Amino acid sequence: MSETSVKSMEAIVSLCKRRGFIYPASEIYGGINGFWDYGPLGAQLKKNLRDAWWQDMIMNPCWGRSGPDGDRVRCVPVETRIIQHPRVWEASGHVGGFNDPMQTCKQCKKLLRADHVPDLLAESEWVASLAGVAGRAAQEQVLIEGTEVLKWTGGKGKKLAANLAIYRDAEASVRIVAKLRETTTPIALAEVIRIIGNTSSAENPWPCPICGGELTEPRPFNLMFPTVIGATGDWESDRAYLRPETAQGIFVQFKNVVDTTRVKVPFGIGNTGTSFRNEVTPRNFTFRSREFEQAELEFFCHPEESQEWYRFWRDFRMEWWQSIGLRGDNLILREHEKDELSHYSTGTSDVEYRFPFTAPGFGELEGIAHRGCFDLTQHQQFSGTKLDYFDTDRGETLPNGSKKGERYIPHVIEPAAGLDRGALALLCEAYTRDESRPSPEIMRFHPRMAPIKAAVFPLVNKDGMPEVAEKLHAELFRRFGHAGFIETDAKQSIGKRYARMDEAGCPYCFTIDGQTLTDQTVTVRDRDTGGQERIGLDKVKTYLEERLGV
Ligand code: GAP
């Protein structure tokens, strides 16, 4: 095999469009920035991801394992609304604090998220050079010593700052420097940022990555989408918001779930659904979208046990992402530094994936946060409704052997995953190029995630083969159709049909040929190896049951 390990995002985006995984939303109207639709294969891929989360987090949490208390982990679902009472977002802190610092370019008027500016600069074609300093090593040394920090010089790429200039392209840099009779070596901005760090300062602000113009001071911009409820259309009195996270719906229904079911702390409540954030710079395909789906669990426990539960969930979530196919050093668990934590959190870890556009760095797939009792306390205060919990299993033992009970506000561990980012990671991980194959693009999805579970092909569309194929297809569809497509196709050569299935990520193809009609065996072709073997027609269902895990 001759596989390439470097994955091109352009190739992945193109395959996603061509094979019906992901389309730009409203494309026939020119698209709408930050919004993406899923085609037939993408919709099923995402459903498989959502179903796996639901199964392994709610129905059979942590694959039936015991938690740190020695009991089986218990979780229940809720399904809460996108629009909540506006006070919910005041209590959660989203109205006052869900702000990204923004900068506007005074020249081209582009609005940018301040923390994205260094990344955008690094991705741009601008180059830097230090006047009079020749050779890369010498330039790096000067930058490390910090004699001069990066400074923009007016957008034209002409004038040098004290000893540093940035140019729109390397060629211009060399030309200009030659004119100045200086010796220099252009360095890509990504390198400069890596060397000097990505912080901008008042004395040395980053320039606009689009035109090089001067950026305003960062100002807060609220990320919530406002809307108006009812016919009056009054933006002040009837204003509501599209939820920026599914988590708050859980906190708001905590009391109802406790009062109407038999759950006892420790237990979790899960919620999946669409969230909206008016991201200033949506980018990297679906990675940062304005509408996206989350799968969040709030796990309620006694404050004294919360650290153990935090570690338990952090480790399980990492294991879970590995179990659905994100393996190797593309996946990491990163514990936040103390200065990254919110004031109420005593621990947060991110499960991060090395996407082609973040490599060699990583992008967040899921955050696992110890939220303390912050959310329930806030909602208790803002709503005036008591949200504490009376734990009948705690407190001193009474003479009759029962417990006196203890009242407390549970602490919360929150594993918060993004399903669109998850689907994108699955697509990036699956994408493989193998030049030795007639059709080199293969999507190596984990069988549990694959949107097409199997395909049944008659070798030729005659001689009784289509009838056998149809019967097998119907049988497989009845058994596995709930988990994904079972395809059948009689057009084109068998090689082309296999290649089509490879691109769609179908793990197994079954071919009915002349021999099938005499000895009741079929060919199974494995997507990953391209290898083929013969098994009995009556063994196909079991063969798939053992491998698909659905
Ligand atoms: N309740 C906590 C919470 O919402 P978050 O880290 O802001 O935490 C959780 O979001 C997950 O939601 C992220 O790890 C990511 O996978 C996903 N997510 C957040 N913003 C997103 C965006 N703009 N586009 C796609 N996914 C996003």
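Mentor: Ground rule before we start: two strands pair if DSSP finds at least two bridges between them. Strands (E, at least two residues) and helices (H or I, at least four residues) are DSSP runs, numbered from the N terminus.

Trainee: Okay. What sort of model is this?

Mentor: It's a predicted model, where local features need pLDDT of at least 70 and side-chain atom pairs count only at pLDDT 80 or more, while totals for chains, interfaces and linings use all residues. Residues are numbered from 1 along each chain as its sequence is written, and side-chain values use heavy atoms, with hydrogens and water left out.

Trainee: Let's go to the sheet of seven strands. What's the strand order?

Mentor: The order is S4-S13-S14-S20-S17-S16-S15, in an open sheet with mixed pairing. Strand S4 (75-77) and strand S15 (331-335) are the edges, each pairing on one side only. On average, neighbouring strands there are turned by 20° against each other, ignoring direction. For angles, axes are lines fitted to C-alpha atoms, for helices over the stretch in contact, and the values run from 0 to 180 degrees between N-to-C directions.

Trainee: How many bridges hold S13 and S14 together?

Mentor: Ten, in the antiparallel sense, between S13 (residues 267-276) and S14 (residues 291-301). If you want a register mark, Thr272 stands opposite Ala295 in S14.

Trainee: And which strands does H2 lie across?

Mentor: Helix H2 (residues 40-59) lies across S4, S13, S14 and strand S20 (411-418), and it runs at about 5° to S14. Follow the chain on from there and you meet Trp63, in the loop between H2 and S4.

Trainee: What is phi of Trp63?

Mentor: Near 55°, a positive value in a residue other than glycine. Most residues other than glycine have a negative phi, and most peptide bonds are trans.

Trainee: Speaking of peptide bonds, which one by Pro266 is cis?

Mentor: The bond from Val265 to Pro266 is cis, with omega near 10°. Pro266 sits in the loop between helix H10 (254-260) and S13. Another cis bond joins Ala359 and Pro360, with omega about 5°. Pro360 is in the loop between strand S16 (347-353) and strand S17 (363-372).

Trainee: New topic: the ligand. How many residues surround it?

Mentor: 19 residues do, counting a residue as near when one of its heavy atoms lies within 4 Å. The closest are Glu245, Arg277, Ser289, Glu296 and Glu364.

Trainee: Which ligand atom sits 2.8 Å from the side chain of Arg277?

Mentor: An oxygen atom of the ligand is 2.8 Å from an N or O atom in the Arg277 side chain. A polar contact is a pair of N or O atoms within 3.5 Å; within protein, one must be able to donate a hydrogen and the other to accept it, and residues adjacent in sequence count only if both atoms are side-chain atoms. A ligand nitrogen is 2.8 Å from a polar backbone atom of Ser289, and a ligand nitrogen is 3.0 Å from an N or O atom in the side chain of Glu414.

Trainee: Now the helices. At what angle do H14 and H17 cross?

Mentor: Roughly 35°, with the axes of H14 (residues 465-480) and H17 (residues 540-548) coming within 10 Å. Contact here means heavy atoms within 4.5 Å. Leu472, Glu475, Leu476, Arg479 and Phe480 of H14 meet Val540, Lys541, Leu544, Glu545 and Leu548 of H17.

Trainee: Any hairpins to look at? How many residues separate S21 and S22?

Mentor: Six residues lie between them in that hairpin. Three bridges join S21 (residues 431-434) to S22 (residues 441-443), running antiparallel, and Arg433 stands opposite Glu441 in S22. Also check S26 (residues 521-526) and S27 (residues 532-536), antiparallel with five bridges, where Val522 stands opposite Ile535. The hairpin of S26 and S27 has five residues between the strands, and Gly530 there takes a positive phi near 75°.

Trainee: Last one: what's the strand order in the sheet of three strands?

Mentor: S6-S5-S10, an open sheet with antiparallel pairing. Its edges are strand S6 (111-113) and strand S10 (219-222), and neighbouring strands are turned by 50° against each other on average, direction ignored. Strand S5 (residues 99-104) pairs with S10 over four bridges, and Pro101 stands opposite Pro220 in S10.
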